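Got your viewer open and a selection box ready? Let's walk through this one stop at a time.

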Amino acid sequence: MNFGTKAIHAGVQPDPTTGAIMTPIYQTSTYVQQSPGVHKGYEYARTQNPTRDALQANLAALENGKHGICFASGLAATDAILKLCKPGDEIIASSDLYGGTYRIMTKVFEPYGLKFKFVSLDNPANLEAALTEHTRMVWIESPTNPLLRIVDIQAVAQCTQHNVLLVVDNTFASPYLQNPLDLGADIVVHSVTKYLGGHSDTVMGAIICNDDETATQLKFIQNACGAVPGPQDCFLALRGIKTLHVRMQRHCENAQRVAEYLQQHPRISQVYSPGLPTPPGNTPD
């Protein structure tokens, strides 16, 4: 299935009640049960919601993954992933990292006993040198936020040990440009707020993975901690994704022209853009 077709149709089925082609907004908190525990697959909207289920299936398909899990924000998704770790576990993260991710790591989770190392991962050899027996997770962005540096996801995946989870924040590239799971990542995280939603009208996060056990843990955290998106936001994200392929193509074309113009401007000393001959990941610090 071509990407554009997946963006429009994957995970989305006509409404079984009316045949509506667009996924309805199931604006409900609870569901009628025939008797306690006997229901149609839905009990309480924090745990399951049909609109959210459609979005989660769509996102999983876009990332060539098995499980999609949506959260109230990108940082709520980040929070859930970090909760897979225990006190004493070590997380190695890119030194060029989204400020909100750095903040939640150092200001929220570090006081609870998680240990973080921030390493320049442009060179995978730096990761090999940083790994220890306590390393539980490696967290990267590619391109990074904000400097758009490039990390070789496949090379980093080859460096990680069997018991080390590789998490890739794919917000900036989006599934249109890369699929980290295909390159060896264990978990992909998105701020749906950005390119996936595409219209600056919703805040949301998402996690996609293939491993059943990891998905079960994340779904438990999603339900237990409650940072779930509302059905209206899920509907807006589903709508936005239908034009993702068209928008990303135009984003790339426009960004390339702006980068090339700025590169020739006499008052600009450095342009950070993966589309230039010398990409940011190869630029000296």
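Start by selecting Val 12, Ile 21, Met 22, Thr 23, Phe 235, Leu 238, Arg 239 and Lys 242: these residues line the largest cavity. Its volume comes to about 50 Å³, and the structure holds 1 cavity of 30 Å³ or more. Keep in mind as you go that this is a predicted model.

Next, the open space. Which residues lie nearest the centre of the largest pocket? Pick Pro 143, Phe 172, Leu 177, Cys 252 and Pro 274, and you have them; the lining as a whole counts 22 residues. About 520 Å³ of space lies in this pocket. Now colour helix 10 (residues 244–264), which gives the largest share of the pocket lining, 6 residues.

Stay on helix 10 and show the side chains of Glu 253 and Arg 250. They form a salt bridge, with 3.4 Å between the closest N and O atoms. The two sit 3 residues apart in helix 10, so about one helical turn separates them. Glu 253 is partly exposed, at 38% relative accessibility.

That pair is part of a bigger set: the count of salt bridges comes to 6. For another, jump to Asp 212 and Lys 66, whose closest N and O atoms are 2.8 Å apart. This pair links distant parts of the chain, 146 residues apart: Asp 212 is in helix 8 (residues 212–225), while Lys 66 is in the loop between helix 2 (50–62) and strand 1 (67–71). Asp 212 is partly exposed with a relative accessible area of 39%, and Lys 66 is exposed at 52%.

Now select Asp 122 and Arg 149, a salt bridge with its closest N and O atoms 2.4 Å apart. Asp 122 belongs to the loop between strand 3 (115–119) and helix 5 (124–130), and Arg 149 to the loop between strand 4 (135–141) and helix 6 (153–159), so the pair ties together parts 27 residues apart in sequence. Buried or partly exposed: which is Arg 149? Buried, at 8% relative accessibility, whereas Asp 122 is partly exposed at 23%.

Last stop: Asp 169, in strand 5 (residues 165–169). What does a buried Asp 169 do for a charged partner? There is no salt bridge here; Lys 194, the nearest side chain of opposite charge, is 8.1 Å away. Instead, look for the polar contact of 2.6 Å between the side chains of Asp 169 and Thr 171. Leaving aside residues up to four places away in sequence, Asp 169 touches Trp 139, Ile 140, Glu 141, Ser 142 and Val 189.

Notes:
Residues numbered from 1 in each chain as written. Predicted model: local features only at pLDDT ≥ 70, side-chain atom pairs only at ≥ 80, totals over all residues. Heavy atoms only, no water. Helix = DSSP H or I, 4+ residues; strand = E, 2+ residues; numbered from the N terminus. Buried < 20%, exposed > 50% of the residue type's maximum accessible area, 1.4 Å probe, protein only. Lys, Arg positive; Asp, Glu negative; His and termini not counted. Salt bridge = Lys/Arg side-chain N within 4 Å of Asp/Glu carboxyl O. Polar contact = N/O pair within 3.5 Å; in protein donor to acceptor, adjacent residues only side chain to side chain. Contact = heavy atoms within 4.5 Å. 1 Å grid on protein atoms, 1.4 Å probe; cavity = no way out; pocket = protein on both sides within 12 Å on 5 of 7 lines; lining within 4 Å. Points joined across faces, edges and corners; volume = space filled by probe spheres on them.
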